[in-house]
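Okay, thanks everyone for squeezing me in. I'll put the model up and then walk you through the parts I found worth talking about.

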Amino acid sequence: TIGFVGYNMIAGGAIGNVIDRIVHGKVIDFIDVHYEAYHWPAFNIADSCITVGFVILMMNILFLNKKL
């Protein structure tokens, strides 16, 4: 189900961040966006997976009314 995808994205992102911490001692953020004086927070693919996975889970719970 779609909830399974959300859980896997969250778990995969978390595991990716843990691997970065073990290998590099910190999570490496590689997408850093600047535009004139504005600066958006830096992020990585693992962070993106966690965020998208959370959104998928919330949509599943709130709009599809499916129990997990």
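So, helix 1: it has 23 residues, and at 1.5 Å a residue these should span 33 Å; the end C-alpha atoms are 33 Å apart, so the expectation and the model agree. And yes, this is a predicted model. You can get a feel for that helix from a pair inside it, too: I2 and D20 are 18 residues apart in sequence, and their C-alpha atoms sit 27 Å apart in space.

Which residues of helix 1 are buried? They are G3, G6, G13, N17 and D20. What do these buried residues pack against? Helix 2. Right after helix 1 ends, G25 takes a positive phi, about 80 degrees.

Let me stay with D20 for a second. Its relative accessibility is 18%, and the cut-off for buried is under 20%, so D20 counts as buried. If you skip the neighbours within four places in sequence, D20 is in contact with G25, K26, V27, I28 and N44. So there's that G25 again, the one with the positive phi, and there's N44, which I want to look at next.

N44 is in the loop between strand 2, that's 38-39, and helix 2, which runs 45-62. Buried or exposed? Buried, with a relative accessible area of 3%. Now look at what its side chain is up to. A polar atom there lies 2.7 Å from the backbone nitrogen of D47, and the backbone nitrogen of A46 is 3.1 Å from a polar atom of the N44 side chain. Further off in sequence, leaving out neighbours within four places, N44 is in contact with N17, D20, V27, I28, D29 and F30. Two of those names, N17 and D20, were on the list of buried residues in helix 1.

Okay, last stop, the outside. There's a nonpolar surface patch of about 860 Å², made by I2, V5, F54, V55, M59, I61, L62, F63 and L64. The elements giving two or more residues to this patch are helix 1 and helix 2, and helix 2 gives the most, with 5 residues. V5 is in helix 1. With a relative accessibility of 37%, V5 counts as partly exposed, whereas G3 and G6 in that helix are buried.

That's my tour, happy to rotate the view if anyone wants to look at something again.

Conventions. Residues are numbered from 1 along each chain as its sequence is written. This is a predicted model: local features need pLDDT of at least 70, side-chain atom pairs count only at pLDDT 80 or more; totals for chains, interfaces and linings use all residues. Side-chain values use heavy atoms; hydrogens and water are left out. Helices (H or I, at least four residues) and strands (E, at least two) are DSSP runs, numbered from the N terminus. Buried means under 20% relative accessible area, exposed over 50%, partly exposed in between (1.4 Å probe, protein chains only). A polar contact is a pair of N or O atoms within 3.5 Å; within protein, one must be able to donate a hydrogen and the other to accept it, and residues adjacent in sequence count only if both atoms are side-chain atoms. Contact means heavy atoms within 4.5 Å. Patches are made of residues with over 30% relative accessible area and no salt bridge: like charges are joined within 9 Å, nonpolar side chains (Val, Leu, Ile, Met, Phe, Trp, Tyr) within 5 Å. Accessible areas come from the Shrake-Rupley method with a 1.4 Å probe; for residues, only the protein chains shown count as cover. A salt bridge is a side-chain nitrogen of Lys or Arg within 4 Å of a carboxyl oxygen of Asp or Glu. The expected span of a helix is 1.5 Å times one less than its number of residues.
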